[in-house]
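Visitor: I have a model open on my screen and would like to talk it through. Could you take me around it?

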Amino acid sequence: MMARETASMPRYYFHLTNGRPFHDVDGLELSGIEAAREEAVGFALDIMRLEPECRDWSSWSVAVTDRDQTTVLQIPFSEAG
Amino acid sequence: MNLAQLIPNRRNRLLAALQPADFSLLAPHLKVTRFKQGAVLQEAGDPISQVYFPESGMISVLAVMQGGNGIETATIGREGAVGIMAGLGSRRAAGRAVIQVEGESSQISALNFRTIFDQSPSIRELILRYNDVQMALVQQSAGCNALHHVEKRLCRWLLQTRDRCDNDILPLTHELLSEMLGVQRTTVTVVARALQAEGLVRYRRGQIEIIDRDGLEKKTCECYEFVRAKSDEVFSS
């Protein structure tokens, strides 16, 4: 689906907080917190699918921050599946 | 007679492979149109109204699921065509065709194409051969999408795009890459950053520059070479 990016849309940053740490400096402009939750869950599912040799995801999560680097969502991988 | 000399602007390899008599059947009906990135040429399930022969740029064909998420099943540049099955009587598009890299396409209405297809045995033979090869490529693509790591698939995608654009700087957004590879946009960022860390690409928002083409070829799956060799079979009769 084509998302429309406008100046008024909030930007969210998606970080991996464990295992293979990833600090997102690009971020994505999304319509709001629900779209950010969808992206975070999809991201967690992608990582689990892409790294099948890792069997224990219990310590992994996606942290979502806003422009002010405030954490607005914390999605443990165990809740994404 | 070399057709490429007769029609210097026709860079599409299917059109260029036609005998002059065959091309003269198509030529009066062909119209060249420039398409921008993101333009949808056909939607899956819709009636095929036009056949497109890219002269430059690149088109992706996507399988689209009910939820709206999709994945690329074929990449078509100047070696191919979109909607060509209309010649065989196919009425509806099997996938969504989207312009990935802007460029020009020669297009003809499906109705006219069908009529000409029925008139010329040699056009028929070329299209059937092209269709055979396309089927093999879509098979390979299904296997690649299911079995190969997204990092290898991104490498293949970058190489294929570069081959068609003749340029190391590729205008690719997160949005497009995520649709092509069937992963989230953030996953694209992670993978692109990993390739950058290895010195293979330089990555900016909306653009990827290939730094080490040979390195990408070493890293990608066997599918890149398979597709390249298979595509040439259309033209080696």
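Guide: We can go through the contact between the chains, then the salt bridges, and then the pocket and cavities, keeping in mind that this is a predicted model.

Visitor: Okay, interface first. How many residues of chain A are in contact with chain B?
Guide: On the side of chain A there are 22 residues in contact, and they meet 18 residues of chain B.

Visitor: And what area do the two chains bury between them?
Guide: The size of an interface is often given as the accessible area lost when the parts come together. For chain A and chain B the buried area is about 1800 Å², with 51% of it on carbon and sulfur atoms.

Visitor: Which polar links does the rule find across it?
Guide: Between chain A and chain B it finds 1 salt bridge, in which the side chains of R193(B) and D26(A) meet at 2.9 Å, N to O. Across that interface there are also 7 residue pairs in polar contact, both residues being at pLDDT 80 or more.

Visitor: Which elements of chain A give two or more residues to that side?
Guide: They are strand 1 (11–16), strand 2 (28–29) and helix 1 (33–50) of chain A, and helix 1 gives the largest share, with 7 residues. By class, the residues on the side of chain A that touches chain B divide into 10 nonpolar, 1 polar and 11 charged.

Visitor: Switching topic: how many salt bridges are there over all chains?
Guide: The structure holds 20 of them over all chains. One of the salt bridges joins the side chains of D166(B) and R78(B), at 3.4 Å, N to O.

Visitor: Why does that pair tie together parts that are apart in sequence?
Guide: D166(B) lies in the loop between helix 6 (150–165) and strand 8 (169–170) of chain B, while R78(B) lies in the loop between strand 5 and strand 6 (96–101) of that chain, so the pair ties together parts that are 88 residues apart in sequence.

Visitor: Now the second largest pocket. What is its volume, and what lines it?
Guide: The second largest pocket has a volume of about 470 Å³. Its lining is made of 23 residues, and V61(B), M85(B), A94(B), Q134(B) and V138(B) lie nearest its centre. Helix 5 of chain B provides the largest share of that lining, 5 residues, and the lining as a whole divides into 15 nonpolar, 7 polar and 1 charged.

Visitor: What about closed spaces, how many cavities does the search find?
Guide: A search of the whole structure finds 3 cavities of 30 Å³ or more. The largest cavity has a volume of about 200 Å³ and is lined by 16 residues, with E72(B), T75(B), S141(B), R156(B) and Q160(B) nearest its centre.

Visitor: Which elements supply that lining?
Guide: Strand 5, helix 5, helix 6 and helix 7 (174–181) of chain B each supply at least two residues of the lining of the largest cavity, and the largest share, 5 residues, comes from helix 5. By class, that lining has 6 nonpolar, 7 polar and 3 charged residues.

Visitor: And the second largest cavity, how much space lies in it?
Guide: About 60 Å³ of space lies in the second largest cavity, and the residues that line it include T75(B), Y130(B), Q134(B), R164(B) and V227(B). Helix 5 and helix 10 (223–233) of chain B each supply at least two residues of that lining, the largest share, 4 residues, being from helix 5.

Note on methods:
Residues numbered from 1 in each chain as written. Chains lettered and ligands numbered in written order. Predicted model: local features only at pLDDT ≥ 70, side-chain atom pairs only at ≥ 80, totals over all residues. Heavy atoms only, no water. Contact = heavy atoms within 4.5 Å. Buried area = accessible area lost by both parts, 1.4 Å probe. Salt bridge = Lys/Arg side-chain N within 4 Å of Asp/Glu carboxyl O. Polar contact = N/O pair within 3.5 Å; in protein donor to acceptor, adjacent residues only side chain to side chain. Nonpolar A, V, L, I, M, F, W, Y, C, P; charged D, E, K, R; others polar. 1 Å grid on protein atoms, 1.4 Å probe; cavity = no way out; pocket = protein on both sides within 12 Å on 5 of 7 lines; lining within 4 Å. Points joined across faces, edges and corners; volume = space filled by probe spheres on them.
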